[in-house]
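Here's a quick briefing to read alongside the model. Have the viewer open and follow along as the topics come up.

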Amino acid sequence: MPPSSEFNTQRLVIYLSSFRRSWLTPVFLACLTSTANAQTGGETISIVGKAAPAVASSASGTATLLDVSDITALPYDRLDDLLAAKSGFSLFRRIPSLTANPTIQGASLRGIGPNGAGRASVLLDGAPLNDPFGNWVSWASILPDTISAAALLPGSRPVAAGPGALSGLIAIETSEAAEGLRLRMSGNSLEGGDASVVYAGASGPLDIIAFAGGGLREGYIPIIASQRGPADVQAASHNFSGGIKVATDVSDTWRGGLLLRGFSEARDNGLDGAENDTQGFDGSLRLVKTTEQLTVDASAYGQVRRFASLFTATDAARETTRPVLDQFSVPSYAFGSRINVANRWSDKHQSNLFLQADWRRGETNERFRNLGAGFTRLRTAGGRQSNFGIGVHHESALSAKLTVDGGIRLDVLRLRGGQRLEENLETGGLVRDDAFENRSDTILGGSAGVRYQPAPAWVLKARGYTGSRQPSLNEYFRPFRVGNDITEANPDLDIETLRGFDVSARYEPITGQYIALTLFQNWLRDAVGNLTVAGTPGGFIAPCGFVPGNGSCRQRGNIDRAKVKGAELSAGAAIAQTFNLSVTYAFSDAEISRSAANPALEGKRFAQVPRHQGSLDLRWQTPVDGLTTSAVVRAQSRQFEDDLNARALDSFAAVDVRLRWQTSDAVSFHLDAINLTDTRIEAGQTADGLITRGQPLTITVGLIGQF
């Protein structure tokens with residue numbers, strides 16, 4: 001593959017082939033070889049998913065790779081922070097998973113999405129990580145030392161990934177390192193620390209990797225100092241995760257593997273009494289057949305989740321709190337299967353077939369309407385979702401310079417068993433008994449593109465695509481509350497759809513020195529947002545019920561039309577073999593163009609989407625033996641908290657640094673400073689002007705051992 005390819009594939013192949021017991025490495029290498037033989041130079045998401053046909057990308061697609069060198073060098077200990085160092089990735093608010101409520105940890109790319117539901121599909125070794133109820137991701141459950149690489153693939157991926165990958169795909173690869181034990185321990189200035197252990201070895205014919213780890217932090221107080229009261233407390237967090245992967249040869253061409261993982265995390269939300277708790281268990285079984293011409297990947301997965309969240313409100317002086325919404329049990333389940341076939345017809349032609357089936361079920365059980373004497377209502381709401389999809393994709397190298405690709409996919413999306421029951425706890429009688437109409441939608445999507453390499457140093461690409469996303473069970477059925485701002489669910493939401501294109505050019509005159517530019521435009525229909533409902537706070541506003549005088553009422557609703565246009569710029573250079581510099585910049589202009597139900601939204605920007613964001617990553621191999629440093633400067637322009645653009649959040653620039661000292665082949669130490677200058681990062685603003693902040697200055701000292 002020429003040096004101007006999007007990924008440094010040669011380096012990655014060498015890295016993966018060093019894993020002596022990487023049971024899917026032959027699958028991965030076979031897919032890379034077939035792509036290179038076709039002279040496409042196209043990215044292959046199997047770099048991170050390992051199951052090539054499951055998430056194969058087109059030659060015309062663009063991608064950003066986060067590899068093991070980033071995980072080692074960057075001053076972050078959570079995956080969402082590592083991904084956020086690459087412009088274009090975002091959670092809903094400027095709060096990392098360290099303290100963010102799980103419900104706003106859905107990931108999006110390119111600023112596509114006006115609420116906290118993730119618009120990107122997230123895969124771990126080819127199996128979904130998105131929560132079956134709310135589509136968010138429990139980032140704290142993924143231990144950094146179990147990851148070898150991750151890829152961000154912006155732009156809808158309708159054929160390979162199906163519904164849900166509206167803004168793109170994030171594919172994560174777990175490492176299967178050489179035999180041994182890897183330990184990590186750290187302590188931080190937020191009155192906490194982390195510890196993890198990863199073991200890789202063999203027992204007879206079985207290759208085994210086992211991992212466990214967790215962390216705790218007393219955290220920081222989210223409300224800015226000038227607005228705090230006695231009711232504002234530290235946003236503490238505690239998390240634990242562990243699992244095991246077992247693999248073995250079934251025959252000369254078949255390889256099988258089983259992955260089991262579980263996690264638990266709990267948080268205090270920064271207001272006395274407000275807290276949330278999540279437990280989860282994932283399992284996946286995979287069989288892979290690999291021959292010179294054919295790769296078959298058959299997998300099945302299951303997810304079990306249980307979520308609980310208690311919301312509190314405070315008085316005007318922020319001295320006392322009372323519970324206002326107790327979502328004491330939000331169970332959800334998902335299971336599914338995928339069969340993916342990649343056939344290499346020749347050195348120049350390859351076809352992929354994708355089959356997918358998923359089922360999800362969830363409900364919220366909650367106590368609400370507490371006017372001071374305790375909860376007086378009990379609500380149960382939920383339903384079932386399913387999707388069945390089939391897609392085909394073909395890629396052809398028409399010449400050594402020109403490659404074309406295209407694909408089409410059909411999906412059937414269903415919503416069944418939707419209901420909402422409300423009981424008066426004082427009388428025991430039902431006050432609401434709604435059964436919602438079953439729905440079925442058929443979505444036809446596709447993509448087509450071209451890759452042209454006029455000279456060894458240049459790669460030009462263009463791609464058009466469509467996308468779709470079925471609203472989550474959370475958006476259909478679960479209301480929530482932030483302080484006195486109430487947001488209601490909406491069982492009548494329509495499916496989001498998208499059409500768009502991107503064009504890119506990359507120039508890499510020598511390996512390691514490059515500049516790349518991508519331009520994109522997307523048109524969204526029926527995007528789901530948290531929309532303000534007209535009414536006077538201090539009384540009852542349908543559908544929210546009683547809204548305090550310093551609060552607001554919103555409801556999830558569809559926005560008729562929206563347009564997101566933008567650009568992504570990246571550049572990198574290696575200087576004198578001791579400095580590595582990379583710069584990323586993303587411009588995203590996300591604007592509502594039509595809203596018949598609420599014309600006041602027209603011309604407004606999406607909530608929590610900045611127009612400008614960027615980062616500078618500098619790494620230096622110092623003259624001191626074993627001592628390396630890295631610094632990341634990240635910045636975002638002003639953005640808005642709400643759909644009406646009435647509450648602005650200031651721009652910011654923050655600096656994160658790491659000093660790493662490799663004292664021996666087995667042991668290294670690191671000193672990290674997040675937000676070195678303690679910049680105020682405004683993350684949220686309530687209707688009465690209360691401002692919450694992102695992570696303040698945080699110092700971490702850590703030890704890593706490889707034995």
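In what order do the five strands of the open sheet line up, and what kind of pairing do they have? The order is S1-S6-S7-S4-S5, and the pairing is mixed. Keep in mind that this is a predicted model. Overall, the protein has six helices and 38 strands.

**Overall shape and surface**
- The radius of gyration is 25 Å, and a compact globule with 707 residues would come out near 27 Å, so the two agree.
- If you're setting up a box, the C-alpha trace spans about 70 × 55 × 50 Å along the principal axes.
- Buried residues account for 59% of the 707 residues.
- The accessible surface adds up to about 26200 Å², and carbon and sulfur atoms own 59% of that surface.
- On the charge side, there are 68 positive and 71 negative charges, and their mean positions sit 4 Å apart.
- Take the contacts between residues at least 6 apart in sequence: 65% of them link residues at least 24 apart.

**The open sheet**
- At the edges you'll find strand S1 (64-67) and strand S5 (127-128), each pairing on one side only.
- Strand S4 (residues 120-124) runs antiparallel to S5, with two bridges joining them.
- Within that pairing, Leu124 sits opposite Ala127 of S5.

**The S11, S12 and S13 hairpins**
- Strand S11 (residues 237-249) and strand S12 (residues 254-268) are antiparallel partners over 13 bridges.
- The two make a hairpin, with four residues between S11 and S12.
- To find your place in that ladder, look for Gly243, whose bridge partner in S12 is Arg261.
- S12 also pairs with strand S13 (residues 275-290), again in the antiparallel sense, this time over 15 bridges.
- Here Glu265 has Thr278 in S13 as its bridge partner.
- Six residues lie between the strands in the hairpin of S12 and S13, and Gly270 in this hairpin takes a positive phi near 95 degrees.

**A look at Ser386**
- Ser386 belongs to strand S17 (residues 375-397).
- Is Ser386 buried or exposed? Its relative accessible area is 8%, and buried means under 20%, so Ser386 counts as buried.
- Leaving out residues up to four places away in sequence, Ser386 touches Asp358, Trp359, Val412, Leu413, Arg414 and Gln470.
- As background for reading any of these strands, side chains in a regular strand alternate between the two faces of the sheet.

Technical notes:
Residues numbered from 1 in each chain as written. Predicted model: local features only at pLDDT ≥ 70, side-chain atom pairs only at ≥ 80, totals over all residues. Heavy atoms only, no water. Rg over C-alpha atoms; globule rule 2.2 N^0.38 Å. Buried < 20%, exposed > 50% of the residue type's maximum accessible area, 1.4 Å probe, protein only. Contact = heavy atoms within 4.5 Å. Areas by Shrake-Rupley, 256 points an atom, 1.4 Å probe, with all protein chains shown as cover. Lys, Arg positive; Asp, Glu negative; His and termini not counted. Charge placed at Lys NZ, Arg CZ, Asp CG, Glu CD. Pairing = 2+ DSSP bridges.
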